[in-house]
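Work through the following exercises with the sequence and the structure side by side. Try each task before reading its solution.

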Amino acid sequence: MKAPGIVGRTVLMVLLALSLAWLAISGAVYLGRGGDEGLTPPRLAAVVLAVEAAGDGEDAVLAGLSAPGLRLRLGETPPERDMRPFPPEALEAYRAELAPRAVEADWVPAVAIGRLIGRGYAAGLPHRSIFHIQLTDGRTLSVSRSAAGVNRAGLPFGFVAGLAGSVIALGLLLLLLREARPVARLAQAADRMAPGQVVDLPDVRRASAEVRALAGAFDRLQHRLQAAMAARSTLFAGISHDVRTFATRLRLRVDSIPDGDERARAEAEIADMIRLLDDALLLGRAETGEVGEELVRPGALAADEVERFRSTGAQVSFAGDRKAAMLGDPLALRRWLANGIGNALSYAGQARVSVRQDGATVRVTVEDDGPGIPEPRRAELLEPFTRGDPSRNRATGGAGLGLAIMRSLAEAMGGRMDIGESPSGGARVSAEFPALDLGD
């Protein structure tokens with residue numbers, strides 16, 4: 001499973017923090033005990049006695065005893081909507097405290113969720129209540145009491161604050177996602193970069209200044225890279241033309257050498273020089289993606305190449321699927337096979353070629369029974385001008401471009417190459433390409 005990125009981790013941390021905050025608010029406001037004792041019978045009795053003893057200062061006493069969450073008035077106050085009668089066992093405690101006065105009461109849970117689930121009465125839980133007490137002079141005193149920390153809509157103030165904070169946090173998360181999306185698309189564009197190709201960048205006109213600067217720098221970088229690759233190709237082409245001209249002049253002079261052995265050696269040196277130049281040019285074209293793309297049957301092509309080597313007396317065999325199909329350059333794939341078979345013949349005296357199509361991939365392999373390639377050196381030998389023989393003796397190998405060319409050709413055709421070990425301990429060079437399903 002892929003690990004979440006910085007945006008995903010930020011979202012998870014914020015959601016976890018909000019969840020913990022909501023749980024804390026819910027537990028403190030709704031499930032907590034002892035935080036809201038309500039209007040207990042002794043308190044209500046004290047209020048009634050104060051009103052009855054007020055005499056001419058009755059209005060002042062009513063005003064003084066009234067406070068936020070507690071309202072007193074003489075006269076009957078109708079109960080609020082959804083209020084229900086006090087439970088008899090709870091009302092009995094008030095009647096006993098206020099006897100011989102008549103007492104009636106109604107109540108409703110203060111928190112909205114309590115009303116929705118039909119919560120029963122509990123003195124320690126927040127609720128709103130109205131008491132109607134018949135005073136000793138026959139008048140009725142109405143005492144309305146609202147739960148502390150709860151608004152008229154039945155929502156705790158902490159709940160409202162948490163809700164507002166959550167909305168703000170979610171808004172900030174949306175802004176974060178909006179800012180991070182162009183960066184993710186820019187990373188995807190970087191992955192699509194290929195030699196000789198300029199990728200389209202995401203639209204960042206509405207992004208932050210830093211993201212716009214990053215996209216601009218990336219765009220300038222890819223254009224400079226493409227210009228450098230084009231300049232290198234032009235340089236290679238110029239060198240190739242001039243070196244071939246000099247080689248032609250040398251051949252003409254070699255023909256005038258009277259000694260046959262010396263003339264043959266000179267011609268071989270010139271041929272090696274031209275071959276090295278051709279390899280370098282091919283490597284440059286492969287690294288810049290200058291290969292064709294058409295339908296290729298790698299199995300049939302490999303079989304033909306094996307036959308060409310066998311016609312020279314080389315010990316080469318082929319096994320595999322001749323109907324496997326892929327998109328690529330047949331000349332490039334033929335050169336890949338020729339280099340792989342040539343390396344195997346040079347170091348082991350024999351080669352085995354196989355082509356297998358497995359679902360969405362085609363795997364082309366060249367292996368031998370030679371000394372193999374030590375694992376620590378496998379990645380190193382894929383670099384240009386690196387040879388298995390550390391000496392530069394041309395009698396024991398080429399210029400060290402064979403495997404580098406093979407890797408560049410494989411990657412230019414959308415594949416990847418790796419070096420491994422054959423069952424006999426020899427070298428195994430494989431390239432894996434996207435397959436085409438032609439239904440045959």
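Axes are lines fitted to C-alpha atoms, for helices over the stretch in contact, and angles run from 0 to 180 degrees between N-to-C directions. Helices (H or I, at least four residues) and strands (E, at least two) are DSSP runs, numbered from the N terminus. This is a predicted model, in which local features need pLDDT of at least 70 and side-chain atom pairs count only at pLDDT 80 or more, while totals for chains, interfaces and linings use all residues. Residues are numbered from 1 along each chain as its sequence is written, and side-chain values use heavy atoms, with hydrogens and water left out.

**Exercise 1. State how many helices and strands the protein has, and what percentage of its residues is buried.**

Solution. Begin with the secondary structure: the protein holds 12 helices and 12 strands. Next comes burial, where buried means under 20% relative accessible area, exposed over 50%, and partly exposed in between (1.4 Å probe, protein chains only). By that rule, 34% of the 440 residues in the protein are buried. Finally, consider contacts, meaning heavy atoms within 4.5 Å: of the contacts with a separation of 6 or more, 64% are between residues 24 or more positions apart.

**Exercise 2. Describe how α2 and α3 pack, and name the residues that make the contact.**

Solution. The general approach is that two packed helices are described by the angle between their axes and the distance between the axes. For α2 and α3, the angle is about 155° and the axes are 9 Å apart. Angles under 35 degrees count as roughly parallel, over 145 as roughly antiparallel, 65 to 115 as roughly perpendicular and the rest as oblique, and α2 is therefore roughly antiparallel to α3. The residues that make the contact are Val-47, Ala-50 and Val-51 on the α2 side, and Glu-58, Val-61, Leu-62 and Leu-65 on the α3 side. To sort them by class, count Ala, Val, Leu, Ile, Met, Phe, Trp, Tyr, Cys and Pro as nonpolar, Asp, Glu, Lys and Arg as charged, and the others, Gly among them, as polar. The contact of α2 with α3 then has six nonpolar, no polar and one charged residues.

**Exercise 3. Find the buried residues of helix α4, and say what covers them.**

Solution. Helix α4 spans residues 88–98, and its buried residues are Ala-90, Leu-91, Tyr-94 and Leu-98. They lie on the same side of α4, because they cover an arc of only 95° around the axis, the arc being that of the directions from the helix axis to the C-beta atoms. The cover over these buried residues includes α2 (41–52), β3 (103–109) and β4 (127–134). On the face turned away from the buried side, α4 carries the exposed residues Pro-88, Glu-89 and Ala-96.

**Exercise 4. Work out how α2 and α4 cross, and follow Glu-97 into their contact.**

Solution. The axes of α2 and α4 come within 9 Å and cross at roughly 40°, which means that α2 is oblique to α4. A crossing is left-handed if the near helix is turned anticlockwise from the far one by less than a right angle, and right-handed if clockwise; the crossing of α2 and α4 is right-handed. Here Pro-41, Pro-42, Leu-44, Ala-45 and Val-48 in α2 meet Ala-93, Tyr-94, Glu-97 and Leu-98 in α4. By class, this contact of α2 with α4 divides into eight nonpolar, no polar and one charged residues. Now take Glu-97, which is in helix α4 and is partly exposed, with a relative accessible area of 42%. Not counting residues up to four places away in sequence, Glu-97 touches Pro-41, Pro-42 and Ala-45. The C-alpha atoms of Glu-97 and Ala-45 are separated by 6.6 Å, although these residues are 52 residues apart along the chain.

**Exercise 5. Locate the loop that contains Pro-100, and describe the peptide bond that joins Ala-99 and Pro-100.**

Solution. Pro-100 lies in the loop between α4 and β3. The peptide bond that joins Ala-99 and Pro-100 is cis, with omega about 10°.
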